[in-house]
Amino acid sequence: MSETAKKRTPAVQTLPMLVLRGLVLFPKIIIHFDVSREKSMEALAAAVKEDKQIFITAQSDYSEDITQDNICKVGIVASVRQMLRTHSGTRVMVEGLYRAKLVKTVSEEPYLTAQVKRYPDRTPKASDEEMEALLRAVKDEFQACSMNMPRMPEEYINNVLNNKDPRTVFDNIAVSMPLSVEEKQMLLEANGLVEKLSLLLSMLTRESQVMSLERELHERVHSQLDENQREYYLREQLKAIQEELGEGDMGTDAFEYMEKIAQLNLPEASESKLMREAQRLSSTAPSSQEAYVIRNYLDTVLDLPWNVSSKEKNDIKKVKAVLDKDHYGMDKVKDRILETIAVRQLEPEIKGQIICLYGPPGVGKTSVAKSIARALGRKYVRVSLGGIRDEADIRGHRKTYVGAMAGRIINAISEAETNNPLLLLDEVDKISDSYKGDPSSALLEVLDSEQNTAFRDHYIEVPFDLSNVMFVTTANNISEIDPPLLDRMEVIELNSYTAEEKFHIAKEHLVPKQLKKHGMKRTMLRINDAALRLVIDGYTREAGVRQLERCIASLCRKAAKEIIENDLQKVSITASNLESYLGHRKYLESSLSNVDEVGVVNGLAWTAAGGVIMPLEVLVMEGKGNVTATGSLGDVMKESSGLAVSYVRSIADKYGIDKNFHKEKDIHIHAPEGATPKDGPSAGVTMTTALVSALSGIPVRHDVAMTGEITLHGKVLPIGGLREKTMAAYKEGMKTVVIPAANKGDLDDVDPVVKDGLEFVLADRITEVLDAALTQKPKSGGREHIYNGDDVRVNPAKNDDKSRVPVHS
């Protein structure tokens with residue numbers, strides 16, 4: 001445009017406005033594009049009818065609607081050179097005239113009309129040398145970028161590089177480079193040629209670096225594709241050769257194995273190992289034994305869930321609801337699982353969850369593991385370790401042996417079809433070693449969270465990650481577990497059930513389970529509460545509930561038979577008619593004495609079936625000082641009897657006992673039910689009390705039971721199994737239980753019903769036990785420690801029950 005034309009251009013013009021998406025126009029640039037929006041086509045038509053001038057600006061987003069917010073304020077006044085109607089819109093060619101700024105939008109119907117004013121660039125303040133240097137830098141970067149743009153015409157590149165006008169060079173480069181709309185709009189709005197070229201140079205530098213990286217990536221991928229294509233052609237040729245030799249099936253199998261291995265995305269060392277095995281298969285005769293071994297090996301390895309995981313449930317409330325529904329009680333186990341979920345929510349990548357559930361048979365160790373798996377949404381797999389003697393059962397056999405196979409751990413993972421199942425290692429205390437190795441030692445790597453990330457089975461020979469597996473082990477006696485193995489597990493004890501717990505388990509779980517198992521509805525068989533309690537007390541004596549479940553199953557069978565034979569609608573079982581279904585009671589009421597006797601003391605003992613009352617009898621006769629202990633007593637109990645005799649000699653004067661009894665009297669100590677083996681130190685206080693009673697002639701209270709180990713100086717030491725022992729005392733109608741003072745903290749685990757029904761005497765010394773148990777006190781008097789639920793109090797010993805304060809829960 002001439003200087004005269006510029007002078008004639010008014011300061012503010014009203015022109016049709018065209019808003020473009022994804023396109024920025026620059027002055028002195030001819031460009032063509034398609035227009036499809038109705039308002040845009042109307043604006044072009046209006047411009048052609050008048051002086052062919054139109055204001056073109058960019059849209060800041062790609063939405064269909066045009067608003068004042070998405071219209072860029074700086075654009076170009078352009079001349080419409082050509083316009084062609086097509087079936088999809090309008091094809092138009094325009095030439096940029098000069099830069100203009102939007103003043104305001106005049107109208108929006110039927111097309112956009114705007115008032116604009118010229119927006120000239122500032123005169124550059126740089127010297128000719130600075131401008132020349134800046135222009136050269138821009139051309140150099142443009143040339144570097146154009147080398148990575150094969151579609152850009154070489155003639156166009158040469159025209160830009162040979163042009164000496166900075167403004168023309170800027171406009172041509174800005175419109176031709178693959179810059180974003182935002183970047184091009186920044187270039188258009190930049191004021192002054194120096195600022196424009198500097199901004200363009202920074203953009204070209206960045207674009208050149210991005211294009212170089214893009215080219216390197218492209219070349220790398222292309223070379224990889226060429227290599228894969230080369231391997232494909234070679235394999236096809238090898239396949240054709242093998243088909244000519246009659247070995248086509250084996251080659252096909254090998255290639256299929258290779259494809260499966262490649263899809264697993266294994267570590268490089270593992271993939272290389274498996275690829276070598278597949279290549280060996282391709283060069284092995286199909287009918288050979290070696291081909292059979294290789295094929296079995298590859299099938300075993302490829303069947304493992306290398307990259308397959310099941311989604312774990314992390315909703316604590318839902319998991320708790322599932323655990324509570326499946327099992328009554330077991331608070332320690334449930335709390336531990338909920339703690340695991342809480343920690344996994346804070347740290348999802350936590351590893352090393354190895355739990356050992358130990359307790360007597362039948363308390364639900366295996367079933368609670370199933371419940372944990374269901375609550376967490378993990379697959380459940382059980383591996384029985386009872387009786388295992390061979391290390392290869394854990395680690396597998398080396399595949400060079402005939403009939404070799406993977407170990408039980410890898411087989412369990414393959415069976416689970418996921419790499420994060422709950423794996424139950426049942427009866428871990430029943431493992432034994434032999435000349436074939438020690439399975440416990442093989443388990444050390446499996447149950448060590450620091451090592452099992454790369455567990456190597458002898459058969460598969462490549463490391464497999466077991467760190468995502470949740471291991472749960474079960475045991476009846478943790479003393480039988482190898483100490484290094486036990487150290488790797490978090491031990492949770494499942495105690496024997498109390499009668500109250502058995503009642504709730506039977507009513508809420510066992511009865512519905514057996515009714516469903518025998519095809520009966522709840523309305524067809526009703527077992528009332530009194531009958532259930534009678535079954536528990538009169539027909540079972542166990543720590544768990546297996547025998548109880550068998551009794552309930554027997555009731556269901558007999559009721560089903562009665563319903564079918566007599567065409568009945570329902571059967572009701574009560575305490576009065578229970579014997580007609582299960583026969584006479586197997587376990588009768590206790591035969592404990594209900595009178596105070598000399599030399600007879602109620603001791604407390606722990607068995608696998610729970611706690612029991614163990615009466616201890618002492619008889620003193622004329623003799624030569626012999627001490628006889630009968631009742632299948634173990635070495636520890638025999639030592640306790642000698643300890644008791646020695647201590648009684650030291651306190652003989654206090655209780656009016658003849659000092660020479662150890663020379664002139666024979667003592668016989670007996671624990672009834674002589675066929676039942678008995679051992680342990682906790683009968684120390686019982687023996688001492690029985691000896692003092694028998695030698696002094698003072699009766700022992702029949703409603704007192706006791707437990708505790710003694711020392712040679714009369715101190716009472718703590719014992720185990722307090723929860724079960726106190727439950728036995730409660731069931732047998734005891735009123736007072738004497739326990740070591742050091743066991744005060746264990747009272748927290750005692751059933752609340754038991755704590756409400758018994759009085760506990762906490763004893764530090766044997767004299768306090770004697771004061772609580774004997775019906776008469778020595779003349780010198782005694783002192784008694786009494787547990788009141790909060791602390792130990794010392795009260796003067798009295799002969800009545802008022803001196804004993806009951807425990808409150």
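This report walks through some strands, helices, salt bridges and backbone oddities of the structure above. Keep in mind that the model is predicted.

**A strand on the inside**

Let's begin with strand S3, which covers residues 53-59. Of its 7 residues, 7 are buried, so the rest of the structure largely encloses this strand. S3 has a partner in strand S1 (residues 12-21), and the two run parallel, joined by 5 bridges. One spot to look at in that pairing is Arg21, which stands opposite Gln59 of S3. S3 also pairs with strand S4 (residues 74-86), this time in the antiparallel sense, over 4 bridges. There, Phe55 has Val77 in S4 as its bridge partner. As background for looking at these strands, side chains in a regular strand alternate between the two faces of the sheet.

**Two helices to look at**

Helix H25 (residues 722-731) is another enclosed piece: 8 of its 10 residues are buried, so the rest of the structure largely surrounds this helix. The buried ones are Leu722, Arg723, Glu724, Lys725, Thr726, Met727, Ala728 and Ala729, so charged names turn up in that list alongside nonpolar ones. Just past the helix, Gly733 takes a positive phi of about 85°.

Helix H2 (residues 38-49) is home to Ser40. Is Ser40 buried or exposed? Ser40 counts as buried, because its relative accessibility is 5% and the cut-off for buried is under 20%. If you want a feel for the distances in this model, try Ser40 and Asp433: they sit 393 residues apart along the chain, and their C-alpha atoms are separated by 89 Å.

**Salt bridges**

Side chains of opposite charge can pair when their charged atoms come close. How many salt bridges does the model hold? The count comes to 26 salt bridges. Here are some of them, with the gap from N to O and the relative accessible area of each partner.

| Pair | N to O distance | Relative accessible areas |
|---|---|---|
| Asp34 and Arg91 | 2.9 Å | Asp34 53%, Arg91 32% |
| Glu290 and Arg280 | 2.2 Å | Glu290 41%, Arg280 35% |
| Lys334 and Asp324 | 3.0 Å | Lys334 10%, Asp324 36% |

Take the salt bridge of Asp34 with Arg91, where the closest N and O atoms are 2.9 Å apart. Asp34 is in strand S2 (residues 30-35) and Arg91 in strand S5 (residues 89-107), so this pair ties together parts that lie 57 residues apart in sequence. Asp34 is exposed, whereas Arg91 is partly exposed.

Next come Glu290 and Arg280, whose side chains meet in a salt bridge at 2.2 Å, N to O. This pair links helix H10 (residues 289-302), which holds Glu290, with helix H9 (residues 268-282), which holds Arg280, and the two residues are 10 apart. Glu290 is partly exposed, and Arg280 is partly exposed too.

In the last pair of the table, the side chains of Lys334 and Asp324 meet at 3.0 Å, N to O. Lys334 belongs to helix H12 (residues 331-346) and Asp324 to helix H11 (residues 316-326), with their positions 10 residues apart in the chain. Lys334 is buried, while Asp324 is partly exposed. Going back to Arg280 and Glu290, both are part of a network in which salt bridges that share partners join Lys273, Glu277, Arg280, Glu290 and Glu461.

**Backbone oddities**

Glu461 deserves a second look. Most residues other than glycine have a negative phi, and most peptide bonds are trans. Glu461 is not a glycine, yet its phi is positive, about 65°. Glu461 lies in the loop between strand S10 (455-456) and strand S11 (463-464), and is partly exposed at 28% relative accessible area.

Ser632 is another non-glycine residue with a positive phi, about 55°. Look for Ser632 in the loop between strand S18 (627-630) and helix H22 (635-650), where its relative accessibility of 35% makes it partly exposed.

Which residues does a cis peptide bond join? Glu109 and Pro110 are joined that way, with omega about -5°. Pro110 is in the loop between S5 and strand S6 (113-118).

**A negative patch**

Finally, the surface carries a patch of negative charge where Asp299, Asp303, Glu415 and Glu417 gather. Glu415 is part of helix H15 (residues 408-416) and is exposed, with a relative accessible area of 60%.

Technical notes: Residues are numbered from 1 along each chain as its sequence is written. This is a predicted model: local features need pLDDT of at least 70, side-chain atom pairs count only at pLDDT 80 or more; totals for chains, interfaces and linings use all residues. Side-chain values use heavy atoms; hydrogens and water are left out. Patches are made of residues with over 30% relative accessible area and no salt bridge: like charges are joined within 9 Å, nonpolar side chains (Val, Leu, Ile, Met, Phe, Trp, Tyr) within 5 Å. Accessible areas come from the Shrake-Rupley method with a 1.4 Å probe; for residues, only the protein chains shown count as cover. A salt bridge is a side-chain nitrogen of Lys or Arg within 4 Å of a carboxyl oxygen of Asp or Glu. The place of a charge is taken as NZ of Lys, CZ of Arg, CG of Asp or CD of Glu. Buried means under 20% relative accessible area, exposed over 50%, partly exposed in between (1.4 Å probe, protein chains only). Two strands pair if DSSP finds at least two bridges between them.
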